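Subject: The structure you asked about

Hi,

Here is the structure, with the sequence alongside. My notes on what turned up in it follow below.

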Amino acid sequence: MEKLRRAHGGEHAQSLVEIAIVLPIFVFLVFGIIDFGMGLRTYISVAQATREGARLGVVGNAAGTFTTGGSGDCNGTTTTTVVGKVCATLNGLDLTKVTSVSVAYPNGNSSGNSVRVTATYSYQYITPIQRLVGFFSGGTLGGAIPISSTTDMRIE
């Protein structure tokens with residue numbers, strides 16, 4: 001009985017080594033999935049916001065002005081200008097991280113031409129994956145990802 005107990009006693013240490021090898025990989029994958037999902041949500045919100053802004057712009061509403069920091073037309077409550085509508089449509093995103101919103105009429109703003117609305121958002125990682133990748137890669141992963149979307153619609 002004593003020999004049998006000693007023969008299986010080392011299996012506990014083996015399990016600990018296996019967990020030590022697998023756990024960092026598992027944590028890295030979970031953090032990556034979380035940040036990918038939140039980044040995708042941010043991209044979808046920015047794309048939807050530029051579409052809503054372009055819809056407002058094609059019916060003759062004012063372009064508005066963009067100032068950084070969630071002020072001016074990009075305050076989240078102004079919906080009468082194109083820039084204001086874009087910022088108001090960024091559901092749940094921090095407006096201080098909106099880096100630019102631009103409205104352009106490449107061929108003029110008469111019927112049949114187009115309006116082009118572009119918005120850029122600085123996505124900040126919500127998990128420590130940026131520090132983990134930076135540790136193993138020597139800091140090649142930046143602290144934020146610029147997420148941008150452009151919508152071009154024909155003026156009615």
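Have a look at V98 to begin with: leaving out residues up to four places away in sequence, V98 touches F66, C74, L90, T120 and Y121. Bear in mind as you read on that this is a predicted model.

V98 also belongs to the largest nonpolar core, which has 19 residues. Within that core, V46, V86, L90, V98, V101 and V117 touch the most other members. Four elements supply at least two core residues each: α2 (11-58), α3 (82-89), β3 (98-104) and β4 (114-124). As background, nonpolar side chains in soluble globular proteins tend to be buried together.

One of the V98 contacts, C74, leads to the disulfide. The count comes to one disulfide, and this one joins C74 to C87 with an S to S distance of 1.9 Å. C74 sits in the loop between β2 (71-72) and α3, while C87 is in helix α3, so the link ties together parts that are 13 residues apart in sequence. The angle about the S-S bond is -95 degrees, and the link is left-handed. Should you look for these cysteines on the surface or inside? Both C74 and C87 are buried.

That fits with the helix that holds C87. Six of the eight residues of α3 are buried, so the helix is largely enclosed by the rest of the structure. The buried ones are V82, V83, G84, V86, C87 and T89.

Next, strand β4, where two polar residues caught my eye.

- T118 is found in β4 and counts as buried, at 18% relative accessibility. Its side chain makes a polar contact with the side chain of T150, at 3.1 Å. Not counting neighbours within four places in sequence, T118 is in contact with T50, S100, V101, S102, S148, S149 and T150.
- S122 lies in β4 too. The relative accessible area of S122 is 17%, so it falls under the 20% cut-off for buried. The S122 side chain makes a polar contact with the side chain of Q124, at 3.4 Å. Setting aside neighbours within four places, S122 is in contact with K97, T99, A144 and I145.

How many aromatic pairs does a search of the whole structure find? The search finds one. The rings of Y123 and Y125 have their centres 6.2 Å apart and their planes at 70 degrees, so the pair is edge-to-face. Y123 and Y125 are both buried.

Two residues outside that group may help you get your bearings:

- A104 is in strand β3 and is partly exposed, with a relative accessible area of 32%. Beyond its neighbours within four places, A104 is in contact with S114, V115 and R116. From A104 to T127 there are 23 residues in sequence and 36 Å in space, C-alpha to C-alpha.
- V59 is in the loop between α2 and β1 (66-67). With 51% relative accessibility, V59 counts as exposed. V59 and A144 are 85 residues apart along the chain, and their C-alpha atoms are separated by 35 Å.

Finally, the chain as a whole. The secondary structure comes to four helices and five strands, in the order α-α-β-β-α-β-β-α-β along the sequence. What radius of gyration does the chain have, and what would a compact globule of 156 residues have? The chain has 25 Å, whereas the globule would be near 15 Å. The C-alpha atoms fill a box of roughly 90 × 25 × 25 Å along the principal axes. Buried residues make up 29% of the 156 residues in the chain. Taking contacts between residues at least 6 apart in sequence, 62% join residues at least 24 apart.

If you want somewhere to start in the viewer, try V98 and its contact C74, then follow the disulfide from C74 to C87.

Cheers

Methods: Residues are numbered from 1 along each chain as its sequence is written. This is a predicted model: local features need pLDDT of at least 70, side-chain atom pairs count only at pLDDT 80 or more; totals for chains, interfaces and linings use all residues. Side-chain values use heavy atoms; hydrogens and water are left out. A nonpolar core is a set of buried Ala, Val, Leu, Ile, Met, Phe, Trp, Tyr and Cys residues joined through side-chain atoms within 4.5 Å. Buried means under 20% relative accessible area, exposed over 50%, partly exposed in between (1.4 Å probe, protein chains only). Contact means heavy atoms within 4.5 Å. Rings of Phe, Tyr and Trp (its six-membered ring) pair if their centres lie within 6.5 Å; planes under 30 degrees apart count as stacked, over 60 as edge-to-face and the rest as tilted. A polar contact is a pair of N or O atoms within 3.5 Å; within protein, one must be able to donate a hydrogen and the other to accept it, and residues adjacent in sequence count only if both atoms are side-chain atoms. A disulfide is a pair of cysteine sulfur atoms within 2.5 Å. The radius of gyration is taken over C-alpha atoms; the globule rule is 2.2 Å times the number of residues to the power 0.38.
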